[in-house]
Amino acid sequence: VMASHERACSEMMSYFDGVEQQQSIDIEELRAQIRRLKKVAVENESDSNNLKESNRVHGDDLQICSDKVSNLKSQTKDMEKDRISLSAANARLSATRKAIRQTRREYNELQENVAAVREDIDRVKNQTKELNSSNVISCNAAKMEALRESLERQQKKNDIVDQHRSHIVASAGLTGDN
């Protein structure tokens, strides 16, 4: 019985020694793991501090860039408004130039008509001098009066066209040479 008891005790001792030895190994492994984790924690804390500093620095850079983007967007909108406004102004200027060209053509035609009317008046004056009869003189006088009235009306039209042309040129900011 005693031998059996000693053998059982010896087996228990052996078992507990194995358990104790395994626990010692596990404890050493845990201590090594704790040391590694502490080292990683220190590295992570350093990395975390570096990231915080980087975020602070780059956060400022990001804010500066964001402000620049907002400014550029605003400038782009302003440029787009200016482009639209300039396009409308160019269209008005083109229309004004077209009107000026048309007015010049009309003015030149009127000048030619005035020249033709003046030639007619000169011709009538010459004919009037040549004709001495009172009938012819009275008839030519009526024709001359009609021509004089036509000339006056034409001159008034010319004056109005000239005023319009001057106004268009002045409002377009152009000289009369265009």
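Biologist: In this predicted model, by about how many helical turns are Glu80 and Arg83 separated in helix 1?

Modeller: The model is a predicted one. Glu80 and Arg83 both belong to helix 1. Because they are 3 residues apart in that helix, their separation is about one helical turn.

Biologist: How far apart are the closest N and O atoms of Glu80 and Arg83?

Modeller: Side chains of opposite charge can pair when their charged atoms come close. A salt bridge requires a side-chain nitrogen of Lys or Arg within 4 Å of a carboxyl oxygen of Asp or Glu. Glu80 and Arg83 form such a bridge, and their closest N and O atoms are apart by 2.5 Å.

Biologist: Is Glu80 buried, partly exposed or exposed?

Modeller: Buried means under 20% relative accessible area and exposed means over 50%, with partly exposed in between. The relative accessibility of Glu80 is 36%, so this residue counts as partly exposed. Its partner Arg83 has a relative accessible area of 47% and therefore is also partly exposed. The class of Glu80 is thus partly exposed.

Biologist: What is the N to O distance in the salt bridge of Glu28 and Arg31?

Modeller: Glu28 and Arg31 lie 3 residues apart in helix 1, about one turn of the helix. Glu28 is partly exposed at 41%, and Arg31 is partly exposed at 47%. Their side chains meet in a salt bridge with an N to O distance of 3.4 Å.

Biologist: Which residue forms a salt bridge with Asp120?

Modeller: Asp120 is partly exposed, with 28% relative accessibility. Along helix 1, about one turn of the helix, or 3 residues, lies between Asp120 and Arg123. The two side chains meet at 2.9 Å, N to O, so by the 4 Å limit the partner of Asp120 is Arg123.

Biologist: Which residues are joined with Arg148 into one network of salt bridges?

Modeller: The pair in helix 1 just described, Asp120 and Arg123, is 3 residues apart. Elsewhere, salt bridges with shared partners build one network that contains Arg148. The residues joined with Arg148 are Glu145 and Glu152.

Biologist: Which residues make the nonpolar surface patch of about 370 Å²?

Modeller: Residues of a patch must have over 30% relative accessible area and no salt bridge. Phe16, placed in helix 1, has 49% relative accessibility and so meets the area limit. The patch is made by Phe16 together with Met12 and Tyr15.

Biologist: What distance separates the C-alpha atoms of Arg97 and Ala142?

Modeller: Arg97 is found in helix 1 and is partly exposed at 40% relative accessibility. Along the chain, Ala142 is 45 residues apart from Arg97. The separation of their C-alpha atoms is 43 Å.

Definitions and conventions:
Residues numbered from 1 in each chain as written. Predicted model: local features only at pLDDT ≥ 70, side-chain atom pairs only at ≥ 80, totals over all residues. Heavy atoms only, no water. Patch = residues over 30% accessible without salt bridge, like charges linked within 9 Å, V, L, I, M, F, W, Y side chains within 5 Å. Areas by Shrake-Rupley, 256 points an atom, 1.4 Å probe, with all protein chains shown as cover. Helix = DSSP H or I, 4+ residues; strand = E, 2+ residues; numbered from the N terminus. Buried < 20%, exposed > 50% of the residue type's maximum accessible area, 1.4 Å probe, protein only.
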